[in-house]
Each structure stands twice: as structure tokens, then as C-alpha cells.
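Hi everyone, thanks for making time this morning. I'd like to walk you through one structure, so please have a look at it with me.

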Amino acid sequence: MARTHDGHHAGGRPRVPFEGLPGGKVRVHRTGRLATIGATALAAAAIAVTGCATQAASAAPAAFAKSAGAAAPAASAVTTSVTAPAGYTAPKRNLAPGMKGADVKALQQRLSSLRYYLGKVDSQFGGDTQAALWAFQEINGIRVSGVVDAATKRALVHPKTYKSPSYAGKRATRVEVSQALEVLVLFKNNKISLISHVSSGGGYFYNGGSQAITPNGTYNTTVYMPGWIQVPLGEMYNSVFFISTVFAIHGDTYVPVGPASHGCIRIPMTTAAIFHKQFKTPGTQVHVYGKPQWEK
């Protein structure tokens, strides 16, 4: 069986083909797990790393055991909080994964200017473009299909974006995760720096009664562990822990439309390659909130 991540079996589940290398693969390197995480992190890492990959997610609800490209219901739209860059013209055709062309390049540039897209602007509609489009659709209240349809075209011309909720102790540099929308938003000096699609806890039961839940609350990052790290039943990539060494925001090769993890917050591999470099660990605020989609 192939490598598992965050407690799900790699075999039998489709993968999103991420851009960057021939064949839709992302190059990742194993690094010394504790070699570069510093004295504070080493102290924390001395605790047995539990992680959220504690049991294979074989009991995930059928609603979320879909292809990564499957459509999800429309999310609730939120209020515009930044001014969208001008000058975008919607494509004449609908755009979908696998397509190429100047209109795909313009889409990538648009998503990049709106802080969603981190991949190469290469005119090819691959997994990075699809994941960025999911996040855009989630924020704009559009059916999350990963396809640039009529509603998405209109939103790309007149986009809405994320508005931070009110909560005590909010800091200028912070990470916010909405489980209702399945998005992560990174703020630097109270300005949006990154918006990413995520997959949080799937709500299914495993291991004789444990439930896959991402706990809402306000936390601080505790430890960054680079590369692939081994947890009881799987591996996680570039993990930024925010509750001891149990819950993390980490890269995964399977980040589906709906919530599907054991409790950690999965982010696409391209996001995971740079996410941990954008703030300090330990000590950056992480606010997780919202009604999980599996409860609806």
C-alpha cells in the first residue's frame, strides 16, 4: 500500500495532480525531522508526536468519500474586505482541469492577484489551479466545482473576499481557519496574504468510537516539523502544530473538497511548501471557527 497521510489510506483514493513536475507530481524531500526546528521546538518534539494521523479513515462518511474533483454545495458568501485588482476579462469558454491556453493563464494571474494561487503561471489548468479555484468559490458562495462556469466568471470580475470574524485577542499577524467554508486565511499586519482551500476533520468515527474533529478555538503555533514526519498511522508534510504536537496544519497529497481528515487541517502541497515560512513558530495565533460542513 502506498504512503498514508493524516491517517487515510493512500490506495483507492484519487489524488489531485499538482503542477510543477512532469506527470503532475510535486518534488518533496525528506529532511532531518528535528534538525532545523530550534531549541523550543526540540523541547516540544521530545513529547511523543501524536499528530492527527492516528487511525485510517476507512469510516469516512460517503458524502466526503468522493473524487477530489467532485462538486460541493455552495458556501455562504462573505463581505468584500479588499479591493480587487482591475483589468480582468472573463473567459468566453468554461474552464476546467486539463485545459490550456491564454485564458487559463489569465485565470491563474487573477487568482494570484487575489491571494489564492501559489503555483506557476503556465497556462495549464492543473491541481494547483483547481485548489485555488475551490477556495475562490468557497469564499464567493459559488457551488464548489473547480470549474469556471457562468457564476464563477461573474465572481472573478466582481469578487468578494474573506472578512475576518470578531473574537477576543485578535492579532495583526494570524491564521484563521473557517470550517464552514473550508478555507485558511493568513493575515500579515491585518492584511490578507494568502487564502487556501483546506480539508479539516471529517466527523466520522474510528478506532472504536473516536471522532475525527478539528477543535474550534484560538491557539498559538507550537512546533514546526519540516518534511515528512511519521505519526502513528501515516505521515504529514511540513507540519505546523497549533495544539501541542497533536493538531497541525500540514501538507497532504489528498486535500478533497469536503472535510476528510482525522482532525488536522490539510493544505495543498504547494501551499505547504511556503506556508511555514510566512510567520514565526512558536507563537503565531491560529483561530479555528465555524460549524463544520459534516454537521450540516
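Let me begin with a word I'll be using a lot: a residue is called buried when its relative accessible area is under 20%. Please also keep in mind that this is a predicted model.

With that word in hand, let's go to helix α4. Which residues of α4 are buried? They are Thr-152, Lys-153, Ala-155 and Leu-156. These four cover an arc of only 165° around the axis, which puts them on the same side of α4. And what covers them? Helices α2 and α3 are included in that cover.

Let's take α3 next, which spans residues 127-140. Helices α3 and α4 pack at an angle of about 80°, and their axes are 11 Å apart. That angle makes α3 roughly perpendicular to α4. If you'd like to find the contact on your screen, look for Leu-133, Phe-136, Gln-137 and Asn-140 on the α3 side, and for Thr-152, Ala-155 and Leu-156 on the α4 side. Helix α3 also lies across strands β2 and β3, and runs at about 110° to β3.

Now for α2, residues 102-113, which is where Arg-110 sits. Is Arg-110 buried or exposed? With a relative accessible area of 5%, Arg-110 is under the 20% cut-off, so it counts as buried. Its C-alpha atom is 9.2 Å from that of Val-157, although 47 residues separate the two along the chain.

These helices come together in the largest nonpolar core, which has 26 residues. Touching the most other members are Leu-107, Leu-111, Tyr-116 and Phe-136. The elements that contribute two or more residues are α2, α3, α4, β2 and β3. Which of them gives the most? That is α3, with five residues. There is also a second, separate core of 22 residues, and Leu-194, Val-198, Trp-228 and Ile-249 are among its members.

Tyr-116 deserves a moment too. Leaving aside residues up to four places away in sequence, its contacts include Ala-132, Ala-135, Phe-136 and Ile-139, as well as Lys-160, Thr-161 and Ile-195.

On to the sheets. One is an open sheet of five strands in the order β3-β2-β1-β11-β6, with mixed pairing. Strands β3 (191-197) and β6 (217-220) are at the edges with a single partner each, so one side of each has no neighbour in the sheet. On average, neighbouring strands here are turned by 20° against each other, ignoring direction. At the β6 edge, four bridges link β6 to β11, and these two strands run antiparallel. One pair to look for is Gly-217, whose bridge partner in β11 is Val-288.

Another open sheet has four strands, in the order β7-β8-β9-β10, again with mixed pairing. Its edge strands are β7 (223-231) and β10 (265-267), each pairing on one side only. Here the average turn between neighbouring strands is 30°, again with direction ignored. Seven bridges join β7 to β8, and the two are antiparallel. In this pair, Val-223 stands opposite Phe-241 of β8.

Let me finish with the whole protein. How many helices and strands does it have? There are five helices and eleven strands. Of its 296 residues, 52% count as buried. And among contacts between residues at least 6 apart in sequence, 65% join residues at least 24 apart.

That's my tour, and thanks for listening!

Terms used
Residues numbered from 1 in each chain as written. Predicted model: local features only at pLDDT ≥ 70, side-chain atom pairs only at ≥ 80, totals over all residues. Heavy atoms only, no water. Buried < 20%, exposed > 50% of the residue type's maximum accessible area, 1.4 Å probe, protein only. Pairing = 2+ DSSP bridges. Axes fitted to C-alpha atoms, helices over the stretch in contact; angles between N-to-C directions. Contact = heavy atoms within 4.5 Å. Core = buried A, V, L, I, M, F, W, Y, C linked by side-chain atoms within 4.5 Å. Arc of directions from axis to C-beta. Parallel < 35°, antiparallel > 145°, perpendicular 65-115°, else oblique.
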